[in-house]
Amino acid sequence: MYAIADIAGKQFRVEEGRYLYIPYHEQAQPGDELVFDRLLLVVDGDQVYLGRPVVAGAAVKARVLEHVKADKVLVFKKKRRKRYKVKRGHRQRYTKVLIEALTLPENAQPLAVAAATA
């Protein structure tokens with residue numbers, strides 16, 4: 001079972017037991033539990049649950065493991081013959097989470113897929 005979740009305006013494929021690097025979540029401390037309820041699509045074997053815009057009642061539970069920084073990105077600007085050079089760096093912050101559970105409501109209706117006719 002997997003789902004497409006909208007987390008902080010970005011879409012991620014989430015599965016139970018997988019690690020995920022999401023945009024930095026300032027309020028979350030390592031060990032905290034987060035619940036993401038904006039699931040756009042859930043696939044359970046042959047069953048597909050499509051949200052319009054979200055799957056009502058579906059949720060993902062995740063545990064915060066740590067806050068990390070990405071590799072440094074260097075930004076270098078230069079104008080030739082003008083003695084102008086600027087070198088700056090940036091490291092984006094992320095929150096590493098472990099997806100613990102993916103739940104669907106009892107009354108969820110799968111998407112009816114029409115059989116292809118030849």
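**Group meeting: an all-strand predicted chain**

Read along the sequence, the chain I am showing today runs β-β-β-β-β-β-β-β-β-β, and I should say at once that this is a predicted model. The secondary structure amounts to 10 strands and zero helices.

Let me begin with the overall dimensions. The radius of gyration of the protein chain is 20 Å, whereas a compact globule of 118 residues would come out near 13 Å. The C-alpha trace, taken along its principal axes, spans about 65 × 45 × 20 Å. Of the 118 residues, 25% count as buried, and the chain exposes about 8,800 Å², of which carbon and sulfur atoms supply 47%. If we take the contacts between residues at least 6 apart in sequence, 64% of them join residues that are at least 24 apart.

The charges deserve a word as well. There are 22 positive and 13 negative side chains, and the centres of these two sets lie 26 Å apart.

I turn now to the interior. Which residues touch the most other members of the largest nonpolar core? That core holds 21 residues, and the ones in question are Val14, Leu20, Ile22, Leu39 and Val97. The elements that give two or more residues to this core are strands 1, 2, 3 (19-23), 4 (33-36), 5 (39-44), 7 and 10 (93-103). As general background, nonpolar side chains in soluble globular proteins tend to be buried together.

Leu39 is a useful residue to follow on the screen. Setting aside residues up to four places away in sequence, Leu39 touches Ala3, Ile4, Ala5, Val54, Val55, Ala58, Ala59, Val60 and Leu102. Ile4, which appears in that list, is found in strand 1. Seen from its own side, and again leaving aside neighbours within four places in sequence, Ile4 is in contact with Gln11, Phe12 and Arg13, and also with Arg38, Leu39, Leu40 and Leu41. For a sense of distance, Ile4 and Gln92 are 88 residues apart in sequence, and their C-alpha atoms are 23 Å apart in space.

Next come some backbone details that may interest those of you who look at torsions. Where does the chain have a cis peptide bond? The bond joins Arg52 and Pro53, with omega at about 5 degrees, and Pro53 is found in the loop between strand 6 (47-50) and strand 7 (59-69).

There are also residues other than glycine with a positive phi, among them Ala8, where phi is near 55 degrees, and Arg81, where phi is near 65 degrees. Ala8 lies in the loop between strand 1 (2-7) and strand 2 (10-15), while Arg81 is found in the loop between strand 8 (73-79) and strand 9 (84-90). Are these residues buried or exposed? Ala8 counts as exposed because its relative accessibility, 62%, is over the 50% cut-off. Arg81, at 70% relative accessibility, likewise counts as exposed.

Finally, I would like to walk through a few polar residues, starting with Gln47 in strand 6. Gln47 has a relative accessible area of 35% and is therefore classed as partly exposed. Apart from neighbours within four places in sequence, Gln47 is in contact with Val42 and Pro110. The C-alpha atoms of Gln47 and Glu15, which are 32 residues apart along the chain, are separated by 15 Å.

Gln29 is found in the loop between strand 3 and strand 4, and with a relative accessible area of 44% it is partly exposed. What does Gln29 touch, once residues up to four places away in sequence are not counted? Its partners are Val64 and His67. Gln29 and Thr95 are 66 residues apart in sequence, with their C-alpha atoms 9.5 Å apart in space.

The last residue on my list is Lys72, in the loop between strand 7 and strand 8. Lys72 counts as exposed, its relative accessibility being 55%, and it touches Gly89, His90 and Arg91 when residues up to four places away in sequence are not counted. Between Lys72 and Gly9, which lie 63 residues apart along the chain, the C-alpha separation is 23 Å.

To close, I would ask you to keep in mind the 20 Å radius of gyration beside the value near 13 Å for a compact globule of 118 residues, together with the 21 residues of the largest nonpolar core.

Terms used. Residues are numbered from 1 along each chain as its sequence is written. This is a predicted model: local features need pLDDT of at least 70, side-chain atom pairs count only at pLDDT 80 or more; totals for chains, interfaces and linings use all residues. Side-chain values use heavy atoms; hydrogens and water are left out. Helices (H or I, at least four residues) and strands (E, at least two) are DSSP runs, numbered from the N terminus. The radius of gyration is taken over C-alpha atoms; the globule rule is 2.2 Å times the number of residues to the power 0.38. Buried means under 20% relative accessible area, exposed over 50%, partly exposed in between (1.4 Å probe, protein chains only). Contact means heavy atoms within 4.5 Å. Accessible areas come from the Shrake-Rupley method with a 1.4 Å probe; for residues, only the protein chains shown count as cover. Lys and Arg count as positive and Asp and Glu as negative; His and the chain ends are not counted. The place of a charge is taken as NZ of Lys, CZ of Arg, CG of Asp or CD of Glu. A nonpolar core is a set of buried Ala, Val, Leu, Ile, Met, Phe, Trp, Tyr and Cys residues joined through side-chain atoms within 4.5 Å.
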